[in-house]
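Work through the exercises below with the sequence and coordinates at hand. Each task is followed by a solution in steps.

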Amino acid sequence: MDDLERLAADIGRADTVVAFTGAGISAPSGVPTFRGDNGVWEHFDEGQFTYGRFQRDPEGFWADRLELQRVMFDGEFEPNVAHEALAAMGRKEHLEAILTQNTDGLHADAADSVSSDSSETTLLELHGNARRVHCPDCGRRTDCDPVFERAADGELPPTCDCGGVYKPDVVLFGEQLPGAVIQRARALARESDVFLAIGSSLVVEPAASLPRLAASPETTVGIVNLEPTPVDSTADVVCQEDVTAVLPRLRDLLAE
Ligand code: APR
């Protein structure tokens, strides 16, 4: 029995399976990762996208955010076979929850494409969703495209009808993750019988601590990532392979 067969057997027996995903699962769809060769943080500085800067210098923040959006989400992205494999595992009730750091919305697209029924799997977008903007003054959330178009046409910063400055509906550096969301994520990690960390360098919080919270003698922790991570030593199974090879195989093993 190889590692993936062992993982599939553990998933088949588990009550609660939780997947935690990062930029690596969307890389095969063409979305850049943050770290590593040609990662987003080679071209930008995290300091450009802090909550403090959004408040202090909304015009400069939005000018830089337009550039970031062009680099990260230039063109139409579609879910890849790894997103689809996770969505299919959810349809078969093998997956309780997907916790994602990604703001690209591709897990929700994959769930929609796998079946017209809504998936049973809980999706927690820990860092928000970059396809929306949010008005902190009146609470309105709306599609980002028209707002980015207005910003590109020179409305810097773009504002809501109420006069508030729109903020990308993502968690900025220096901003707290919503308390209810992070508590739910921690509870799911603790409850899990199998916890899979997929396509994340696992170096920022909460990514670094969730697999450690999950780890216990009764829980199987699996890591799927091209490169080693600081959490590998606590994991039961480490697959240093492409997500597009591992996840479809896992789905197929579960279907056998
Ligand atoms: N298959 C498997 N792993 C992959 C693949 C692939 N096809 N492509 C890339 N990876 C791996 C890389 O080896 C890397 O370790 O995905 C990982 C992505 O790591 P990061 O770029 O650090 O992304 P992530 O862990 O999601 O970053 C966390 O940091 O700056 C922030 O807010 C940003 O949400 C982000 C957070």
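A residue is called exposed if 12 or fewer other C-beta atoms lie within 10 Å of its own, and buried if that count is 20 or more. The model used throughout is predicted.

**Exercise 1. Backbone with positive phi**

Task: Classify asparagine 38 as buried or exposed, and place it in the chain.

Solution.
1. The neighbour count of asparagine 38 is 8 other C-beta atoms within 10 Å, so the residue is exposed.
2. Asparagine 38 sits in the loop that runs between α2 (23–26) and α3 (40–43).
3. Its phi is near 60 degrees, a positive value in a residue other than glycine.
4. As background, most residues other than glycine have a negative phi.

Task: Repeat the classification, buried or exposed, for glutamate 93.

Solution.
1. Glutamate 93 has 11 other C-beta atoms within 10 Å and is therefore exposed.
2. The loop between α6 (81–91) and β2 (97–100) holds glutamate 93.
3. Phi of glutamate 93 is positive as well, near 65 degrees.

**Exercise 2. Cis peptide bonds**

Task: State which residues a cis peptide bond joins when the second residue is proline 157, and then when it is proline 206.

Solution.
1. Leucine 156 and proline 157 are linked by a cis peptide bond, with omega about -5 degrees.
2. Proline 157 belongs to the loop between α8 (144–152) and β6 (167–170).
3. Glutamate 205 and proline 206 are also linked in cis, with omega about 5 degrees.
4. Proline 206 belongs to the loop between β7 (194–198) and α10 (210–214).
5. For reference, most peptide bonds are trans.

**Exercise 3. The antiparallel sheet**

Task: Give the strand order of the sheet built from 3 strands, and say which are the edge strands.

Solution.
1. The order is β5-β4-β6, in an open sheet with antiparallel pairing.
2. β5 (141–143) and β6 are the edge strands, since each pairs on one side only.
3. From one strand to the next, the twist averages 55 degrees.
4. α8 packs on this sheet and touches β4, β5 and β6, its direction making about 65 degrees with that of β4.
5. Strand β4 (residues 128–134) is joined to β5 by 3 bridges.
6. Within this pairing, histidine 134 has arginine 141 of β5 as its bridge partner.

**Exercise 4. The parallel sheet**

Task: Do the same for the sheet of 6 strands: what is the order, and which strands lie at the edge?

Solution.
1. The order is β3-β2-β1-β7-β8-β9; the sheet is open and its pairing is parallel.
2. The edge strands are β3 (122–125) and β9 (237–239), each paired on one side only.
3. Neighbouring strands are turned against each other by 15 degrees on average, direction ignored.
4. Strand β1 (residues 17–21) pairs with β7 in the parallel sense over 5 bridges.
5. Phenylalanine 20 stands opposite alanine 197 in β7.

**Exercise 5. The ligand shell**

Task: How many residues surround the ligand, and which are the closest?

Solution.
1. The shell holds 22 residues, and the closest are Gly22, Gly24, Thr33, Ser200 and Ser201.
2. Sorted by class, the shell has 8 nonpolar, 11 polar and 3 charged residues.
3. Domain 1 (1–31 + 78–127 + 171–256) and domain 2 (32–76 + 133–170) each supply at least three residues to the shell.

Key: Residues are numbered from 1 along each chain as its sequence is written. This is a predicted model: local features need pLDDT of at least 70, side-chain atom pairs count only at pLDDT 80 or more; totals for chains, interfaces and linings use all residues. A residue is near a molecule or strand if its C-beta atom, placed from the backbone, lies within 6 Å of it. Ala, Val, Leu, Ile, Met, Phe, Trp, Tyr, Cys and Pro count as nonpolar, Asp, Glu, Lys and Arg as charged, and the others, Gly among them, as polar. Domain bounds come from an automatic or database domain assignment. Helices (H or I, at least four residues) and strands (E, at least two) are DSSP runs, numbered from the N terminus. Two strands pair if DSSP finds at least two bridges between them. Axes are lines fitted to C-alpha atoms, for helices over the stretch in contact, and angles run from 0 to 180 degrees between N-to-C directions. Two residues are in contact if their C-beta atoms, placed from the backbone, lie within 7 Å.
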